[in-house]
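The following exercises concern strand pairing and nonpolar packing. Please work through each task before reading its solution.

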Amino acid sequence: MPDLQIDLFPVRHRLRVRYSEIDAQGVVFNAHYLTYFDTAINEAFRGSDIDWIKQANDSGCDVQLVRSVIEYKASIYFDEEIDICLRVANIGRSSITWQMAIFGAREADLRTTGEIVWVYSNLKESRSEPVPEWLKQILESLE
């Protein structure tokens with residue numbers, strides 16, 4: 001994705017890399033990238049008035065991660081400001097695909113790309129469910 005631009009992403013969450021997130025090589029430890037992506041997803045839902053825990057308890061349904069892909073393009077270092085960006089790439093019958101990227105201080109400074117796929121699931125019956133309309137409406141604003 002050499003021509004991937006920050007303007008493609010409707011959600012951007014900026015943070016500064018903390019010391020606890022780097023490894024002995026002085027770069028962000030690989031496991032933190034999924035945490036960064038998860039943080040950006042939570043920020044995307046912040047203004048939506050969804051009480052995610054309540055709806056999961058009431059409906060018995062929630063999303064489950066079924067796929068995650070991370071491609072490391074360039075290192076991220078301690079105390080850098082980064083933009084964690086995401087958009088909904090696809091809404092299927094029961095699946096939601098997120099496209100993600102992390103940029104450095106300059107908008108063209110692509111450091112990482114990623115993809116996360118969720119499946120909306122009935123947790124008690126361990127089966128997928130169609131993505132509900134209320135969730136589709138929120139997700140469509142993030143495409």
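A residue is called buried when its relative accessible area is under 20%. The model examined here is predicted.

**Exercise 1.** Determine why strand β3 (residues 81-91) is largely enclosed by the rest of the structure.

*Solution.* Apply the cut-off to the eleven residues of β3: eight of them are buried. The strand is therefore largely enclosed by the rest of the structure.

**Exercise 2.** Identify the strands that pair with β3, and state the sense of each pairing.

*Solution.*
1. Take strand β1 (residues 11-16): β1 and β3 run antiparallel and are joined by six bridges. Within this pairing, His13 has Ile84 of β3 as its bridge partner.
2. Take strand β4 (residues 95-103): eight bridges connect β4 with β3, again in the antiparallel sense. Here Gln99 of β4 lies opposite Arg87.
3. Examine the connection: three residues separate β3 from β4, and the two strands form a hairpin.

**Exercise 3.** Which residues of the largest nonpolar core touch the most other members, and which elements give two or more residues to this core?

*Solution.*
1. The core has 33 residues, and those touching the most other members are Phe45, Ile96, Trp98 and Leu139.
2. Two or more residues come from each of β1, α1 (32-45), β2 (61-72), β3, β4, β5 (110-122) and α3 (133-140).
3. The greatest contribution is that of α1, with seven residues.
4. Leaving aside residues up to four places away in sequence, Phe45 touches Ile50, Trp52, Trp98, Trp118, Leu135, Ile138 and Leu139.
5. Another core, of seven residues, lies apart from the largest one and includes Ile6, Phe9, Ala101 and Leu110.

Technical notes: Residues are numbered from 1 along each chain as its sequence is written. This is a predicted model: local features need pLDDT of at least 70, side-chain atom pairs count only at pLDDT 80 or more; totals for chains, interfaces and linings use all residues. Side-chain values use heavy atoms; hydrogens and water are left out. Buried means under 20% relative accessible area, exposed over 50%, partly exposed in between (1.4 Å probe, protein chains only). Helices (H or I, at least four residues) and strands (E, at least two) are DSSP runs, numbered from the N terminus. Two strands pair if DSSP finds at least two bridges between them. A nonpolar core is a set of buried Ala, Val, Leu, Ile, Met, Phe, Trp, Tyr and Cys residues joined through side-chain atoms within 4.5 Å. Contact means heavy atoms within 4.5 Å.
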